[in-house]
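I opened this model to look at two things. My notes on pockets and aromatic rings are below.

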Amino acid sequence: MKASSCGHLAPAAGARVCAHLTTDNGPGCFRVLTGVATRYDLLCKTCAEADTPELVDACTGCFEGDADLGWRGSPEILRRDRDLGGTWTTLAGVPEPLGDRCLAALPDGWLAWTADGLVALDPAPRHVATVDLPPESPPAAPALHTTADGRFAAAVTDYGRYGTVVDLASGAVTLALDRQDYGNRTTRFPVAFLGPLVVAATDWKWLDAFDPATSRLLTERVTDYDENPEHYFDYFFGALLPSPSGRSLLVDGWVWQPEGIPLVLDCAAWFAGDRHAPEHGQALAFRDPWDVPMAWVDDATVALQRIGDDLPIDGIQLHDARTGRRTGMFAGSAGRMWGHGGLLYVTTDDGFEVWDPAEGARVGFAPGFHPLAHRDGTFAELRDDQLRTWTPQA
């Protein structure tokens, strides 16, 4: 193996560092963006402020340093917009949802959580059920989730304590959700439907699975630290996102003091008998932010918004769901995000963006369109008494 310019006999990193970072216990450093995509060099403070810093080609060891001083410079945001095409529909006279997370998919329509309760839009508005949750103070906000078959819905309070599961066929409440009151103001309510089951937090550090039809607990296990310290999990669960196959859950959570740690949980192993699988998830990153948009690109790849561990910049990091390894990144995207068909779809302040992770580029844009929900490639916006949808070309 040939030595890199930094003097180390190790694989080349394909990037540069300043000479001060080629020794053990070097100074803190910046990630200095080169202006080409998201490529960057690592420079100490002195070199970052110099007109002509001395840079050397780095080995992987030199380039794995912690850039604890943050970023400098600007990334290149790649935009290669093509005609979106697709099909647009508009339905007038629909009720207003309670919030921007109060529209969810049904097999042949949509479900809205409104001031009058749950209303199915399929397409004419039809009252389905009443929702009665205890009032909670800000930042608590309502959020709605549905099963793929349209049988059940979970109406919960993000950044709050309570939720409820409703049988949409009868309008009956089948399960009351309560994640207790410790730390619940910091994360969205952890709840997700996985096939015929619902997974929800029953405490700040604990997930359980239930049969939503009977409310039967399916994952009883010892949770006390004194009785089972090996599986004690000091982690604040947040938003849950099932993988396309339903075999895994992506979790947005954090630990003290405070640090975001998105996890991938092996639910296939959990439901096959590994009772403590939720306490032994695969960490994807250790970083400042949590409660940020995330999506599955496919069953093997996770997209996390914000690039970098400390003082992150707008963009997306791609991670291997099995190993946690970062496999790519690109700058520019910020907003609520979905994955479908290998692409990423992002609602921004200006409109709706389509990103191709393989290119690391934006490939489409619909100005003024702000979807709230997604179903099998169709995106829905509900505002000003109108339900507007867009479906990409097949």
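These entries go through the pocket first and the rings after it.

**Entry 1: the model.** I am working from a predicted model. I keep that in mind for everything below.

**Entry 2: the largest pocket.** I looked up its volume and got about 1500 Å³. Next I asked which residues are closest to its centre. Of the 49 lining residues, these are His-145, Leu-241, Pro-242, Trp-338 and His-374.

I then listed the elements that give two or more residues to the lining. They are strand 7 (103-106), strand 11 (141-146), strand 15 (191-194), strand 19 (240-242), strand 25 (294-298), strand 29 (336-340) and strand 33 (373-375). Strand 29 gives the most, with five residues.

I also sorted the lining of the largest pocket by class. The split is 29 nonpolar, 11 polar and nine charged residues.

**Entry 3: ring pairs.** How many aromatic pairs does the count come to? I got 23 aromatic pairs. A pair of aromatic rings is described by the distance of the centres and the angle of the planes. I wrote up two pairs.

Tyr-40 and Trp-71 came up as one pair. Their ring centres are 5.4 Å apart, and their planes stand at 75 degrees. The cut-off for edge-to-face is over 60 degrees, so I logged this pair as edge-to-face. Tyr-40 is in strand 3 (residues 40-44) and Trp-71 is in strand 5 (residues 71-72). They are 31 residues apart, so I noted a link between distant parts of the chain. Both Tyr-40 and Trp-71 are buried.

Phe-379 and Trp-390 make another pair. Here the centres are 6.2 Å apart and the planes are at 25 degrees. Stacked needs planes under 30 degrees apart, so this pair is stacked. Phe-379 belongs to strand 34 (residues 378-383), and Trp-390 belongs to strand 35 (residues 386-391). The two residues are 11 residues apart, and their pair too is listed as linking distant parts of the chain.

Buried or exposed? I checked Phe-379 and found 0% relative accessibility, so Phe-379 counts as buried. Trp-390 has 1% relative accessibility and counts as buried as well.

**Entry 4: a ring cluster.** I followed the ring pairs onward from Phe-379 and Trp-390. Ring pairs link them into a cluster with Trp-88, Trp-338, Tyr-345, Phe-352 and Phe-369. Trp-338 was already in my notes, among the residues closest to the centre of the largest pocket.

**Entry 5: charges over rings.** Which charged end sits over the ring of Trp-71? It is that of Arg-31, 5.2 Å from the ring centre. I also noted Arg-72, whose charged end sits over the ring of Phe-30, 4.3 Å from its centre.

Key. Residues are numbered from 1 along each chain as its sequence is written. This is a predicted model: local features need pLDDT of at least 70, side-chain atom pairs count only at pLDDT 80 or more; totals for chains, interfaces and linings use all residues. Side-chain values use heavy atoms; hydrogens and water are left out. On a 1 Å grid over the protein atoms alone, a cavity is a set of points where a 1.4 Å probe fits but cannot get out, and a pocket is an open set with protein on both sides within 12 Å along at least five of seven lines; lining residues have an atom within 4 Å of a point. Grid points are joined across faces, edges and corners, and a volume is the space filled by probe spheres set on the points. Helices (H or I, at least four residues) and strands (E, at least two) are DSSP runs, numbered from the N terminus. Ala, Val, Leu, Ile, Met, Phe, Trp, Tyr, Cys and Pro count as nonpolar, Asp, Glu, Lys and Arg as charged, and the others, Gly among them, as polar. Rings of Phe, Tyr and Trp (its six-membered ring) pair if their centres lie within 6.5 Å; planes under 30 degrees apart count as stacked, over 60 as edge-to-face and the rest as tilted. Buried means under 20% relative accessible area, exposed over 50%, partly exposed in between (1.4 Å probe, protein chains only). A charge sits over a ring if NZ of Lys or CZ of Arg is within 6 Å of the ring centre and within 35 degrees of the ring normal.
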